[in-house]
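Here is a briefing on one protein chain. Keep the sequence and the 3D view open while reading.

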Amino acid sequence: MNKIESFVYNKVKNNYVIKNLVRNAYQGFYDLLPNYESKFSMPPILKENSFFGFHDVTPFSADGSKHLAYRLNIPLKMPTRDDLLEVGYWTGENFSEWKHVGETGAWNYHKGCRLQWVDANTCIFNAVADGKLCAKMIQVETGQNTILSWPIDTVSHDGKLAATFSYERLQAMMPGYGYLYGDEDAYMDEKVSSKTGLFLINLHTNERQLLFSLKQLSELQHEPSMDDTLHFVTHTEFSRDNRYLSFLHRWYKGTFHRTRLIVYDLQQKQLYVSPTTGMVSHYNWNALNGIIAYCRMENVDSHVYFSGPDMKEWKRCAYPQINVDGHQHFIDNDWFLVDTYPDKWRHAKLYKVNKDTNEVVLLADAKSPKQFVAPDPQHWWKCDLHPRCDRQGRWVSFDTVHTGIRSLCIMPLT
């Protein structure tokens with residue numbers, strides 16, 4: 001954003017209704033002007049009517065030969081319970097072959113059905129069985145499957161644990177991130193409940209425990225702004241060494257939104273709360289147990305690198321070169337991928353950034369047509385790039401609508 005755009009954004013950023021009105025009006029003016037074509041640093045492999053979703057897990061298998069994905073069978077509309085999403089993976093030379101794994105009725109455009117790898121040949125995703133949310137683990141070579149009693153959010157890197165929460169509560173507060181099915185853990189009549197919160201599932205025994213209730217979280221470094229608001233958790237991630245579990249604790253009331261990042265040490269049973277001031281949107285771990293997060297520090301919004309899970313030491317990254325929100329994914333311990341939301345020309349950018357030197361390299365500049373703007377919170381069909389890469393740093397994967405069709409792009413990173 002330029003200085004004028006940044007000034008206006010800072011004035012309206014705390015009210016998403018006004019913010020969206022201003023954005024739409026501003027972009028609408030530029031819709032009247034000639035636009036420019038999308039650009040990519042390398043020719044991408046394009047898979048139309050296919051996507052993956054969120055940026056926090058890698059869709060690539062351990063050896064990089066398979067790429068988990070979905071295939072869409074419906075036009076651009078909000079899914080109903082009758083609209084099933086096809087689950088599978090791309091493989092073969094240049095990921096040219098599609099392998100069907102299953103289908104699910106528990107999905108959304110933003111995060112899919114939380115499809116991810118449990119081990120080298122086993123994937124997991126959320127599904128519906130007998131009208132209730134669950135998770136399925138499927139061995140992709142044999143088709144052997146195991147059904148878990150609850151949906152999952154994120155799986156630990158050793159494939160032993162999964163974090164989860166109430167998707168009904170999430171859907172109520174962030175429409176388009178949950179599913180069309182309720183659950184027994186929502187307790188929507190309670191703003192702060194002692195019965196629901198952050199859960200941990202043992203994937204081997206299909207047992208679940210309530211790790212922290214919403215009431216416990218609200219009492220942790222309590223702030224007056226938490227009073228008379230509805231609390232929930234979302235965006236869980238495990239550190240690469242599986243020792244830490246991070247998540248966002250949010251409390252909302254109308255257009256009033258507050259978020260903080262919390263890290264839990266599973267070994268020492270210690271909780272760490274981010275020193276942010278009211279806002280954390282997205283984040284990702286590297287193998288050094290460092291966290292890159294877009295957050296508000298000292299009342300300035302930027303990408304911030306926390307050098308340890310206690311989040312005591314931090315530095316801004318590539319600021320003010322990049323001064324807008326985005327979704328991060330570490331390529332290695334120094335470089336991370338990050339995207340931007342569509343700008344005034346309705347173009348979303350994809351960069352790789354060095355957290356130490358602040359070097360910024362443009363990888364993609366993709367147009368986002370107007371029809372993919374979410375018209376309201378109940379029609380959340382927009383498409384973010386959500387970059388992610390394979391473990392070897394050879395490929396970058398992202399979702400795009402630059403052709404006018406929601407598509408998966410797989411592009412050489414070097």
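The notes below cover strands, backbone exceptions, rings and surface.

This is a predicted model. The points start with two sets of antiparallel strands, one around S11 to S14 and one around S20 and S21. Aromatic pairs come later, and the whole structure holds 14 of them.

**The S11–S14 sheet**

- Four strands make an open sheet in the order S11-S12-S13-S14, and the pairing is antiparallel.
- S11 (154–155) and S14 (207–213) are the edge strands; each has a single partner strand, so one side of each lacks a neighbour in the sheet.
- S11 pairs with S12 (residues 161–164) over two bridges, in the antiparallel sense.
- Thr 154 has Ala 163 of S12 as its bridge partner.
- In general, strands of a sheet pair through backbone hydrogen bonds.

**Strands S20, S21 and S22**

- S20 (residues 291–297) and S21 run antiparallel and are joined by seven bridges.
- One bridge partner pair here is Ile 292 with Tyr 305, the latter in S21.
- The two strands S20 and S21 form a hairpin, with two residues between them.
- Glu 298 sits in that turn and has a positive phi of about 50°.
- On to S22: S21 and S22 are joined by three bridges and also run antiparallel.
- Val 304 has Arg 316 of S22 as its bridge partner.
- How many of the seven residues of S21 are buried? Six are, and the strand is mostly covered.

**Backbone exceptions in loops**

- Met 311 is a residue other than glycine with a positive phi, near 60°.
- Met 311 belongs to the loop between S21 (300–306) and S22.
- Is Met 311 buried or exposed? Its relative accessibility is 1%, so Met 311 counts as buried.
- Asn 358 also is not a glycine, yet its phi is positive, at about 65°.
- Asn 358 lies in the loop between S25 (347–354) and S26 (360–367).
- Asn 358 is partly exposed, with a relative accessible area of 24%.
- The peptide bond from Tyr 319 to Pro 320 is cis, and its omega is near 10°.
- Pro 320 is in the loop between S22 (314–316) and S23 (328–330).

**Aromatic pairs**

- Phe 165 and Tyr 167 form one of the 14 aromatic pairs.
- That pair is tilted: the centres are 5.0 Å apart and the planes stand at 45°.
- Phe 165 and Tyr 167 are both buried.
- Phe 212 and Tyr 264 have ring centres 4.8 Å apart and planes at 85°, so this pair is edge-to-face.
- Phe 212 is in strand S14 and Tyr 264 is in strand S17 (residues 256–265), so the pair ties together parts 52 residues apart in sequence.
- Phe 212 is buried, at 11% relative accessible area.
- Tyr 264 is buried too, at 7% relative accessible area.
- Ring pairs also link Phe 51, Phe 52 and Tyr 70 into a cluster.

**Charges over rings**

- Which ring lies under the charged end of Arg 208? The ring is that of Phe 199, with the charged end 3.8 Å from its centre.
- Arg 316, the bridge partner of Val 304, lies over the face of Tyr 319.
- The distance from Arg 316 to the ring centre of Tyr 319 is 6.0 Å.
- Tyr 319 also starts the cis peptide bond to Pro 320.

**Surface and a distant pair**

- Val 17, Ile 18, Leu 21 and Val 22 make a nonpolar surface patch of about 330 Å².
- Val 22 lies in helix H2 (residues 16–30).
- Val 22 counts as partly exposed, at 34% relative accessibility.
- Tyr 351 lies in strand S25.
- At 18% relative accessibility, Tyr 351 counts as buried because the cut-off is under 20%.
- Tyr 351 and Trp 251 are 100 residues apart in sequence.
- In space, Tyr 351 and Trp 251 are 31 Å apart, C-alpha to C-alpha.

Key
Residues are numbered from 1 along each chain as its sequence is written. This is a predicted model: local features need pLDDT of at least 70, side-chain atom pairs count only at pLDDT 80 or more; totals for chains, interfaces and linings use all residues. Side-chain values use heavy atoms; hydrogens and water are left out. Two strands pair if DSSP finds at least two bridges between them. Buried means under 20% relative accessible area, exposed over 50%, partly exposed in between (1.4 Å probe, protein chains only). Patches are made of residues with over 30% relative accessible area and no salt bridge: like charges are joined within 9 Å, nonpolar side chains (Val, Leu, Ile, Met, Phe, Trp, Tyr) within 5 Å. Accessible areas come from the Shrake-Rupley method with a 1.4 Å probe; for residues, only the protein chains shown count as cover. A salt bridge is a side-chain nitrogen of Lys or Arg within 4 Å of a carboxyl oxygen of Asp or Glu. Rings of Phe, Tyr and Trp (its six-membered ring) pair if their centres lie within 6.5 Å; planes under 30 degrees apart count as stacked, over 60 as edge-to-face and the rest as tilted. A charge sits over a ring if NZ of Lys or CZ of Arg is within 6 Å of the ring centre and within 35 degrees of the ring normal.
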